[in-house]
Amino acid sequence: MLRLVGLVLWKDLVVEWRTREIVSTMLFFAVIVMLIFSFAFLSEGRASGDAVAGILWTAIAFSGTLGLSRAADRERDGDALRALLLSPAPRAALYLGKTAGIVIFMLATELVVAALSTVLFGAALSAHAAELSGLLLLGTIGYAAIGGLFSLMLGRARSRDVLLAVVLYPIIVPVIIAGSKGTSSLLESIPDLAAARYWIKFLAVFDIVFVTLALWAFEPLIVERG
Amino acid sequence: MFDHVTVEGVTKVYGRQRALGGVSLRLEAGRLCALLGPNGAGKSTLLGILSTLLRPTGGEVRFGSVQHRQAGRTLRGAIGLVAHESFLYGDLTGRENLRFFERLYGGGGRAQTLLSRVGLDEAADRPVRTYSRGMQQRLALARALCGQPRLLLLDEPFTGLDSSGVAALRTLLAELRDGGVILMLVTHDLAAAAELANHVVVLRRGKVAFDHAQSAPFARLDEVYAAHA
């Protein structure tokens, strides 16, 4: 099982290394979002902790949607998803491999976005790097777990990019709230570590629930059941 | 694994559109079944059901003693499908594609053999997106053979192939047929199918209009088609 998860992940990483399509698109979009918000929220060279957290997670959510769409497009080109589903590999391994790829692409983008937040808004993100990393990692896993499922599920649907946002955002609202609340608590003048850890635990529970649900739902949602 | 596939009264309905209306037939090892019919007759739908990627609305499909609804990993691994789309990753090379799918099928080490068999030795290390339609078709066939299938389903496999490609594919399919693989070939190229098929099924409006198997390939498929399609 793990070998097959790694195989699917390897395939996505090799393709991304050659095309640099997903990460560069996500990065470009995330940076634009950050720059636009910087004009709105910067005051005397700084922005409030709440604003920085909101901007960071908004950039992650929006750029993540682009990444999800493109990652699913790779399986639609040449209808390769059908070949994956036709193979004897466990469908759970296919899902986990795809999701792991999305997580890595999103984390790569978040690294740059977090660094940019420090530069643009003077946010002290590195002061509590472990807690921030926990929030970003767990938030990204939750986002990718649901987004990966929906982006593949929408398959060849017309307006799938719009539909993805419509079905995804209502469900990932808790991820965005937890991520931004947790990040905000780290950026207060006196960081509230207890609050940050609460939101980390919240995200961990969210991830366990939704990864389990997605594993259970992947096959019936993706494979045609007529 | 299985040496025959039985289709009994299979129907498939998409919304109000009936694609298949009670199809029954039997496919056997060592036979190449040419599935013929005009556009919209339900050929690709039947192939989709046999590949286990589509579930029939009604009726039953059995792979030996295994029912369609019980289709699991082992059964999926015994089915190869060449469809309209290539099922390949354009940014991987031909060799990488085959290695990837081989490993998905739990095997390994046959990529080079398969590449040679479909005549893609020289292009093996080029990205698939640089391949011509015919080369992609050859690689798609090699991919479908990765799992050493018992049932090989081919939807218009001659599309895009040059004359040498068509000849090589005919030879390969004849070898597979004689080697005991169950083959179903959907094609409008009646001349190409005529040399290979020893079982012909004609679908018309989702129903079987003609079904006949014989020991030798059919000499004049065009006449069969004209009479029944």
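**Group meeting talk: two chains, two sheets and a pair of helices**

Let me begin with a single residue, A:T109, which is found in helix α5 of chain A. Please keep in mind throughout that what we are looking at is a predicted model. Is A:T109 buried or exposed? A residue counts as buried if 20 or more other C-beta atoms lie within 10 Å of its own, and because A:T109 has 27 C-beta neighbours inside 10 Å, it counts as buried. If we leave aside the neighbours within four places in sequence, A:T109 is in contact with A:V23, A:M26, A:L27, A:A30 and A:S63. A:F28 makes a useful illustration of how sequence and space can part ways, since A:T109 and A:F28 are 81 residues apart in sequence, and yet their C-alpha atoms are 9.3 Å apart in space.

Staying with chain A, let us look at how that helix packs. Two packed helices are described by the angle between their axes and the distance between the axes. Here helix α5, residues 91-121 of chain A, packs with helix α8, residues 193-222 of chain A, at an angle of about 115°, and their axes are 9 Å apart. The crossing of α5(A) past α8(A) is right-handed. Which residues meet there? From α5(A) we have A:R91, A:A92 and A:Y95, and from α8(A) they meet A:A214, A:L215, A:F218 and A:E219. Sorted by class, this contact of α5(A) with α8(A) has five nonpolar and two charged residues, with no polar ones.

Now I turn to chain B and its sheets. As a reminder, strands of a sheet pair through backbone hydrogen bonds, either parallel or antiparallel. In chain B, six strands form an open sheet with mixed pairing, and their order is β6-β7-β8-β3-β9-β10. Why is one side of β6 and of β10 left without a neighbour in the sheet? These two strands of chain B, β6 at 79-82 and β10 at 207-213, stand at the edges with a single partner strand each, so one side of each has no neighbour in the sheet. From one strand to the next, the twist averages 15°.

Let us walk through this sheet from β6. The strands β6(B) and β7(B) pair in the parallel sense over four bridges, and within that pair B:G80 stands opposite B:L152 in β7(B). The next step takes us from β7(B) to β8(B), which run parallel and are joined by five bridges, with B:L153 opposite B:M184 in β8(B). Between these two strands the chain crosses through α6(B), and this β-α-β crossover is right-handed. One step further, β8, residues 182-186 of chain B, is joined by four bridges to β3, residues 32-36 of chain B, and the two run parallel; here B:A34 has B:L185 in β8(B) as its bridge partner.

The strand β7(B) deserves a pause. In a regular strand the side chains alternate between the two faces of the sheet. From β7(B), B:L151, B:L153 and B:D155 point one way, B:L152 and B:L154 point the other way, and all are buried. Because five of the five residues of β7(B) are buried, this strand is largely enclosed by the rest of the structure. Two helices of chain B also lie across β7: helix α5, residues 133-144, lies across β6 and β7 and runs at about 170° to β6(B), while helix α6, residues 163-178, lies across β3, β7 and β8 and runs at about 145° to β8(B).

Chain B also has an open sheet of four strands, in the order β2-β1-β4-β5, and here the pairing is antiparallel. The edge strands are β2 and β5, each of which pairs on one side only. Nine bridges join β1, residues 4-14, to β2, residues 17-28, of chain B, and B:V10 stands opposite B:V23 in β2(B). The hairpin of these strands has two residues between them, and in it B:G15 takes a positive phi near 60°. At the other end of the order, β4, residues 58-63 of chain B, pairs with β5(B) over two bridges, with B:R62 opposite B:Q67 in β5(B).

Finally, how many residues does each chain give to the contact between them? Chain B gives 29 residues and chain A gives 23 residues. On the side of chain B, α2 (73-77), β6 and α3 (94-104) each supply at least two residues, and by class that side has 14 nonpolar, seven polar and eight charged residues.

Conventions:
Residues numbered from 1 in each chain as written. Chains lettered and ligands numbered in written order. Predicted model: local features only at pLDDT ≥ 70, side-chain atom pairs only at ≥ 80, totals over all residues. Pairing = 2+ DSSP bridges. Axes fitted to C-alpha atoms, helices over the stretch in contact; angles between N-to-C directions. Contact = placed C-beta atoms within 7 Å. Left-handed = near helix turned anticlockwise from the far one by under 90°. Nonpolar A, V, L, I, M, F, W, Y, C, P; charged D, E, K, R; others polar. Buried ≥ 20, exposed ≤ 12 C-beta atoms within 10 Å, placed from the backbone. Right-handed = clockwise from strand over helix to strand, strands pointing away.
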